[in-house]
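Here are my notes on this model, set out as numbered points. Please read them with the structure open beside you.

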Amino acid sequence: MTTTSSRPVRLSWSALTALATAVFITSLTETLPAGVLPEMSATLGVSSGAAGQAVTVYAAGTALTAIPLTAMTASVRRKPLLLLAMTAFLIANTLTAAAPGYAVLLFARFLAGVAAGLAWAILAGYARRIAPAGLEGRAIAIAMTGIPLALSLGVPAGTLLGQRVGWQAAFAAVSILTIAVVMWIIRSVPPVDQPSVARPALDRPAVERLPIERSPIERPGIVGAGRSSARQTLKVPGVAAILLVVVAFVLGHTIIYAYIAPYLWHAGLGPSTDAVLLAFGLACLVSIWYVGRGIDQHLRTLALTGAALFTLSVAVMAATQAHPVVWIAAVVWGLGWGGMPTLLQTAAGQAGLRGGPAVADTAQAILVTLWNAAMALGGIIGGLILQDLGAATAATAAAILGAISLLIITATHRNAFPTTQTTP
């Protein structure tokens with residue numbers, strides 16, 4: 001039987017670029033404190049470890065709300081929900097820029113984390129839904145270019161602005177950009193059905209079939225358009241292993257990245273923090289470009305390479321603080337880290353699709369929750385290590401966790417990171 005395709009025949013570059021800009025704002029809001037931590041600490045009159053909790057409360061806001069918000073908004077159309085998340089970022093970053101003290105700052109960062117919980121649960125699935133069949137991974141990779149762009153351009157620019165004008169100005173600039181992206185989303189991003197109410201195209205009159213809608217894959221024994229519980233999702237082969245990699249990898253990355261500015265000052269590279277972050281971010285950009293080209297055919301190989309490069313780089317940073325070596329390690333770190341968010345989200349989506357679209361969306365929500373729980377824990381652990389043991393020990397802890405993630409990827413060659421890519 002021949003059916004009418006409900007998906008576009010080519011990538012919608014304007015829509016995907018708008019989503020990438022939304023990802024850029026989400027990622028920049030998350031990571032900007034790492035570049036301006038010394039300035040925040042001095043202005044607020046708190047220690048670097050205390051200032052670093054701006055990362056922790058942000059991540060906690062996301063971790064605590066991603067799954068509940070996903071469940072509560074399952075019957076809400078995706079585009080208004082995305083606009084709501086971006087508006088919440090606008091409010092949170094404006095409040096951060098105007099914060100009169102430490103307590104207000106933490107509240108604003110928690111609110112930003114809640115907005116991120118909603119945004120991250122939407123963005124990857126949104127890109128997947130508006131992509132042609134067989135190009136879902138590439139569409140997600142395009143949307144996720146906002147992450148390396150935030151690291152390569154946003155954080156260094158924010159760091160420079162924070163050093164020259166003040167860290168508040170950096171967050172105010174993010175608010176201005178958010179206004180622009182809200183207008184862009186309104187104009188360019190097509191609406192899509194919410195996953196919990198989507199119906200097969202054959203069940204609707206032809207006049208109701210919009211090219212922007214994506215119907216769920218209906219197979220015997222597979223969850224279709226309904227909701228999926230976390231327990232059902234974790235039972236799908238491969239999902240749990242991918243989530244374990246997320247926890248180990250993100251925990252290791254955050255332990256060192258959240259306190260990279262103090263690490264660089266300790267290494268004698270403090271005045272070059274913005275330049276080191278720029279080198280790291282540009283390497284991330286190269287990484288996600290390369291990942292985007294090969295993710296649909298070589299996801300396992302790329303994941304193994306990313307985890308190995310990350311582990312090697314932070315292990316070197318733990319062993320020596322020689323300036324040339326730190327610069328090289330920062331670049332290698334970026335090459336390993338840049339594509340991993342896309343790889344892990346794509347792996348989770350592909351594994352979840354074995355149970356149906358609702359399971360895939362729930363897998364993404366759990367991934368977002370665990371990702372940010374690991375960030376929150378990494379912010380706390382990294383702060384304690386920095387205070388009691390020093391920056392080099394934080395890099396050692398990051399290397400150990402990177403090695404754990406590498407071992408899990410290596411061992412899960414059947415379902416989580418299969419040797420041969422298959423279409424669910």
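1. Is threonine 96 buried or exposed? The model is a predicted one, and in it threonine 96 is found in helix H4. Threonine 96 has a relative accessible area of 0%. Buried means under 20%, so threonine 96 counts as buried. Leaving aside residues up to four places away in sequence, threonine 96 touches Leu105, Ala108, Arg109, Trp167 and Phe171.

2. Now the chain as a whole. The protein chain has 16 helices and zero strands. Of its 424 residues, 58% are buried. The accessible surface of the chain is about 16,100 Å², and carbon and sulfur atoms account for 68% of that surface. Take the contacts between residues at least 6 apart in sequence: 85% of them join residues at least 24 apart.

3. Helix H8 runs over residues 167-188 and has 22 residues. From its first C-alpha to its last it reaches 32 Å, close to the 32 Å expected at 1.5 Å a residue. The buried residues of H8 are Trp167, Ala170, Phe171, Val174, Ser175, Thr178, Val181, Val182 and Ile185. They cover an arc of only 145 degrees around the axis, which means that they sit on the same side of H8. An α-helix has 3.6 residues a turn, so residues three or four places apart point the same way.

4. What lies against this side, and what lies opposite? The buried residues of H8 pack against four helices: H1 (13-44), H4 (78-98), H5 (102-129) and H7 (146-164). On the face of H8 turned away from the buried side are the exposed residues Ile176, Met183 and Arg187. The threonine of point 1 fits here, since Trp167 and Phe171, two of the residues it touches, are among the buried residues of H8.

5. Leucine 32 gives a second view of H8, from helix H1. Its relative accessibility is 1%, so leucine 32 counts as buried. The C-alpha atoms of leucine 32 and alanine 170 are separated by 8.3 Å, although the two residues are 138 residues apart along the chain. Apart from residues up to four places away in sequence, leucine 32 touches Val155, Gly158, Thr159, Ala170, Phe171 and Val174. Ala170, Phe171 and Val174 are among the buried residues of H8.

6. Serine 405 lies in helix H16, residues 391-411. How accessible is serine 405? Its relative accessibility is 0%, so serine 405 counts as buried. With residues up to four places away in sequence left out, serine 405 touches Val245, Ala248, Phe249 and Ala307.

7. Helix H12 spans residues 273-319 and includes leucine 282. Leucine 282 is partly exposed, with a relative accessible area of 40%. Together with Leu153 and Leu278, Leu282 forms a nonpolar patch on the surface. The three residues have about 240 Å² of accessible area together.

8. Alanine 315 is also placed in helix H12. At 33% relative accessibility, alanine 315 counts as partly exposed. The C-alpha atoms of alanine 315 and glycine 402 are separated by 9.3 Å, while along the chain the two residues are 87 residues apart.

Definitions and conventions: Residues are numbered from 1 along each chain as its sequence is written. This is a predicted model: local features need pLDDT of at least 70, side-chain atom pairs count only at pLDDT 80 or more; totals for chains, interfaces and linings use all residues. Side-chain values use heavy atoms; hydrogens and water are left out. Helices (H or I, at least four residues) and strands (E, at least two) are DSSP runs, numbered from the N terminus. The expected span of a helix is 1.5 Å times one less than its number of residues. Buried means under 20% relative accessible area, exposed over 50%, partly exposed in between (1.4 Å probe, protein chains only). The arc is that of the directions from the helix axis to the C-beta atoms. Contact means heavy atoms within 4.5 Å. Patches are made of residues with over 30% relative accessible area and no salt bridge: like charges are joined within 9 Å, nonpolar side chains (Val, Leu, Ile, Met, Phe, Trp, Tyr) within 5 Å. Accessible areas come from the Shrake-Rupley method with a 1.4 Å probe; for residues, only the protein chains shown count as cover. A salt bridge is a side-chain nitrogen of Lys or Arg within 4 Å of a carboxyl oxygen of Asp or Glu.
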